[in-house]
Amino acid sequence: MKFKSDIKPYDAAAGGWDSLKSTTRFVFDSKLVLKNIRNLLRMNKIHGFDCPGCAWGDNNTSTLSFCENGAKAVAWEATRRIVGPSFFSQYSVAKLYQKSNYFLEYQGRLTHPMYYNNKTDHYESISWDNAFTVISKHLKAMDHPNQLELYTSGRTSNEAAWLYQLFGRLIGTNNFPDCSNMCHEASSIALQESIGVGKGTIRLDDFNHADAIFIFGQNPGTNHPRMLHSLRHAANNGAKIITFNTLRERALERFSNPQKPLELITSLSKKVSFAYYQPNLGGDMAAIRGIVKVLLEMHRIQLKAKGKGIFDQYFIDQNTKGIHAYIEAVDNTSWHDIISQSGLKELQIREAAQIYQKSNRVIITWAMGITQHKHSVHTIREIVNLQLLFGQLGKKGAGICPVRGHSNVQGNRTMGINERPQKSFLNALGSYFSFNPSEEPGHCTVTALQEMLNNKVKVFIALGGNLASAAPDSLLTEKALKQCGLTVHISTKLNRSHLVPGKESLILPALGRTERDQQKSGNQYITVEDSFSMVHASEGIGLPLTHTQRSEIAIIAGIAYNTLGNNKVDWLTLAGNYNLIRDQIAAIIPGFANFNTRCNMSKGFYLGNSAAKLNFKTYSGRAEFSATALPNSLFPTFEDSKQISFLLQTLRSHDQYNTTIYGLDDRYRGIYGQREVVLINPRDIKFLGLTEGALVDIETLWNDGITRRVTGFKLVKYNIPRGNLAAYYPETNPLVPLSSYGDQSHTPTSKSIPVKLTLSVFSNNSTLKVNMI
């Protein structure tokens, strides 16, 4: 595959003609044009399938209910290209390992179960029955249930996630590391502590009623483009969009709706952000604390002058706890610390505070720019603090909105994919199936990798995902996977995780979201939950490429039946009729009563949110203020922060979704045909004595004696604060120490990596250079 490399500024609005052209190119490249046009017309529609990309909600009112990146995901999945036995006979694992992540997934769909032959270094075809026998043999040979790790991707359906957790808990483990451990774990923990529920409190329609929307640490134009439509409608209704993002992102500046012909043939693009602030990486908590400090000044002035301040005192008195300790913490926070840590000017913070104060209904939304730091839990609690002061919960057009990544990452957690499940859930599960589930806390992704490195894991099963590329500290992650007795990957396409096999390894080909799922009782549908707690039915329409591909549910049921038999669960009957799985869910999980009946509702159904009803399921029964001080340092292990030359964040390109690389362009940032680049302030290039386009090596500054370095990255000048850098993952995941993770959350600190840059000693033989075409 040849790509033309170029760096050129992108001056157009996000969306528009370029979005249409990109969508068309990917549809035609799939070699199944008519099939994918039909797929796109049914995506996010009633009796259609849910987008396999992001978890943004749908209103189902437009003819075309998809975005550019959703179209890429569909075309990438529904392709004519196949990866079967003949492909694996042609390529050894060692040869495939040298290929780029883009090359691997571009080859097409996995079609046959494959077993790794470590003598020949090739995957070879294996029957489904023999594959299940291999898995059950390893599971039965475990000395302890916690020698099993059950990893989950956010694309997994509710029904598959339910069976998966049930299988694991019947074996006796709570080891459910999943992708949410690496993205929004901090949101779940912080919100549970603050308001008693680990989900956002708003619904999609609330965007139409907000006076202001504060956006922290997210780039919707690439990561969840349908959100731009919601922001556009909100702006049209008079809402002010206030953005806090370290990088200047085009989609948060101007947007042209590619589904509106008038905007395609004229220059009617819409300004998105009313105000745009660029804090330092990790500086958002300080920025929010500064906003509160200004509002507290205004509150006291008005309280003294009029006898009534600007805070919602009735809401605070009736619904919250800890206000006095929090106010004391705000008073004790100096402007010097706020400005130096946030990187913003006091005037900018005061501007943002005035906008907030003048808005009756405020939504605050955030993504991984907030969650992937050491102090992320405290930052999110600070967001909640601000909203509580003004009673911005429980009313139309106001609330908090963590924007989840993959399409069912929130649903997986609802279904019990949780290494620390609530006791009420375990009691209900045990009562229904007549067993005693383990209450021992399980492993998250980071602790699972640590256990693998300590040779304590016998079996690793991945229900989707690509752990080798997604996890931090790539070389250590690969070493961890290789030390497992058996690795099993339930996948739709080839990825890097398949190329770091354990002592034994299997690849099991799964059906995709777009494909028809025919079981004994007929065509099946599955369900997913979006970021707004809406549950949707999803039914694929395309014919599978081969009869040897199986649904995730059928694969899980096959593993469970061969390992546990039918003693407590009739696995194969469940796999033949997904309604029976939903009956189990309805009987155990609150909010899912009459599950099958409600799936036939035109727009799905809402699970509800107790905090949105001002019912706070915390220990005190009230929403809890957090009185945490600003962190003294993002890196307390460093005695002197001046030792740190730069902070690096990893991020996606526009032709990417998580670890899936659709192409090598990042259109909105003006980068084409390449991925080994580092975005840097022009003054920092000059400070280094280098020029734009120079190749540098990036090395992590850490204190564990391990050298972490990637080589040959091109300097690209960008609108980013000095001392801050950005580069793509998974290429820079080798730089993220496994031991650097968020307090409480164990989320890798992928948005705040201390690094230094040196003129490159680039070598094509570099073992850390993993993305070679």
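This is a short tour of selections to make in the viewer, with what each one shows.

**Before selecting**

The model is predicted, and local features are given at pLDDT of at least 70, side-chain atom pairs at pLDDT 80 or more, while totals for chains, interfaces and linings use all residues. Residues are numbered from 1 along each chain as its sequence is written, and side-chain values use heavy atoms, without hydrogens or water.

**The whole protein**

Show the protein as a cartoon. It has 29 helices and 33 strands; these are DSSP runs, helices being H or I of at least four residues and strands E of at least two, numbered from the N terminus. Of the 773 residues, 66% count as buried, where buried means under 20% relative accessible area, exposed over 50% and partly exposed in between, with a 1.4 Å probe and protein chains only. Contact means heavy atoms within 4.5 Å. Among contacts with a separation of 6 or more, 79% join residues 24 or more positions apart.

**Stop 1: helix 9 and helix 19**

Two packed helices are described by the angle between their axes and the distance between the axes. The axes are lines fitted to C-alpha atoms, for helices over the stretch in contact, and angles run from 0 to 180 degrees between N-to-C directions.

Select residues 185-195 (helix 9) and 376-389 (helix 19): they pack at about 45°, with axes 8 Å apart. They are therefore oblique to each other; angles under 35 degrees count as roughly parallel, over 145 as roughly antiparallel, 65 to 115 as roughly perpendicular and the rest as oblique. Their crossing is right-handed, which is the clockwise case: the near helix is turned from the far one by less than a right angle, and anticlockwise would be left-handed.

Now show side chains. Helix 9 contributes residues including I189, L191 and I195, and helix 19 residues including V377, I380 and V384. The contact divides into eight nonpolar, three polar and two charged residues. Here Ala, Val, Leu, Ile, Met, Phe, Trp, Tyr, Cys and Pro count as nonpolar, Asp, Glu, Lys and Arg as charged, and the others, Gly among them, as polar.

**Stop 2: helix 13 and helix 19**

Keep helix 19 and add helix 13. Their axes come within 9 Å and cross at roughly 20°, so the two helices are roughly parallel. This crossing is left-handed. Among the residues in contact are I288, V292 and L295 of helix 13 and I383, L386 and L389 of helix 19. By class, there are eight nonpolar, two polar and three charged residues.

**Stop 3: helix 13 and helix 17**

Select residues 284-306 (helix 13) and 346-357 (helix 17), which pack at about 65° with axes 9 Å apart. The crossing is right-handed. Helix 13 uses residues including G290 and V294, and helix 17 residues including A353 and Y356. The classes are nine nonpolar, two polar and two charged.

**Stop 4: V197**

V197 lies in the loop between helix 9 and strand 8 (212-216). It is buried, at 15% relative accessible area. Beyond neighbours within four places in sequence, V197 contacts L191, Q192, N609, S610 and A611. Measure in the viewer from V197 to N615: they are 418 residues apart along the chain, with C-alpha atoms separated by 9.7 Å.

**Stop 5: C179 and C183**

How far is the sulfur of C179 from the closest cysteine sulfur? That sulfur, in C183, is 5.4 Å away, too far for a bond. A disulfide is a pair of cysteine sulfur atoms within 2.5 Å, and the whole structure has zero of them. C179 is buried at 16% relative accessibility, and C183 is buried at 10%.
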